[in-house]
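Me: I'm new to this one. Could you walk me through how to read it?
Reply: Happy to. Have a look, and then we'll start with a turn.

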Amino acid sequence: MNNFLSEENIDLHQEYVRTKRLKYSILESSIPKLKDATVTDLFRMRMSRRDKSDALPMLAEIELHNVYFSSFCQTRFLRCEQVEKKWGSCASLLNDIFKRCMELSYGFVTVSAVYGDIILESSSDSLSLFSHGTPMLAIDVCEHAYFADYHFDKERYLINALPYLDLMKISGPIK
């Protein structure tokens, strides 16, 4: 991420996530079964509707940020055979991600691999992005992700960030 975001910007973004984690840890202390649970676990857990409605969106946002922070590498424009089979080229997938990001005023664009297919999704509702399991790649298009470096220029942020997306994280046989 240092290739397209300053240390200050990354620190501010990580501080935002630390605050979310702190709030979630308060929930964990009052509901011990939340400890070490994933979004998928929470979907399956039996608990009050109120507790679930508090915990699920918060954990989904935390997990998406974890995926986001691990979605980039140091090398620009990595090729991925699975992506080329599905999209024709890696550039075509990056272009589709760019379009989705520009259409979204805030939220995430994610890439998941499900049953041999690559799924591209975008939403301002973090929880909905887990409908196919935990995403493999995520792009945060909320202003807190890039504002310190790019201000309101989301397009420039994406132009600088997307070439570093680690497409090699998409693995497995693709239809």
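Reply: Keep in mind that this is a predicted model. Start at the hairpin of β1 and β2, where 2 residues lie between the strands and tyrosine 115 takes a positive phi near 50 degrees.

Me: How many bridges join strand β1 to β2?
Reply: There are 7, linking β1 (residues 108-114) to β2 in an antiparallel arrangement. As one example of who faces whom, serine 112 sits opposite isoleucine 119 in β2.

Me: Is strand β2 mostly covered or uncovered?
Reply: In a regular strand, side chains alternate between the two faces of the sheet. Here β2 (residues 117-123) is mostly covered, with 6 of its 7 residues buried.

Me: What about the largest nonpolar core: which residues have the most contacts inside it?
Reply: Nonpolar side chains tend to be buried together in soluble globular proteins. In this model the core has 54 residues, and those with the most contacts inside it are Phe4, Leu42, Tyr68, Ile97, Ile139 and Tyr157. Helix α3 (residues 49-69) gives the most to this core, 9 residues.

Me: Can we zoom in on one of those?
Reply: Sure, take isoleucine 139. Leaving aside neighbours within four places in sequence, its contacts include Tyr68, Ile97 and Tyr157, along with Phe108 and Val109.

Me: And why does histidine 65 count as buried?
Reply: Because its relative accessibility is 1%, and buried means under 20%. Histidine 65 is found in helix α3, and its side chain reaches the backbone oxygen of glutamate 61 at 2.8 Å. Beyond neighbours within four places in sequence, histidine 65 is in contact with His13, Tyr16, Val17, Phe108, Asp140 and His144.

Note on methods. Residues are numbered from 1 along each chain as its sequence is written. This is a predicted model: local features need pLDDT of at least 70, side-chain atom pairs count only at pLDDT 80 or more; totals for chains, interfaces and linings use all residues. Side-chain values use heavy atoms; hydrogens and water are left out. A nonpolar core is a set of buried Ala, Val, Leu, Ile, Met, Phe, Trp, Tyr and Cys residues joined through side-chain atoms within 4.5 Å. Buried means under 20% relative accessible area, exposed over 50%, partly exposed in between (1.4 Å probe, protein chains only). Helices (H or I, at least four residues) and strands (E, at least two) are DSSP runs, numbered from the N terminus. Contact means heavy atoms within 4.5 Å. Two strands pair if DSSP finds at least two bridges between them. A polar contact is a pair of N or O atoms within 3.5 Å; within protein, one must be able to donate a hydrogen and the other to accept it, and residues adjacent in sequence count only if both atoms are side-chain atoms.
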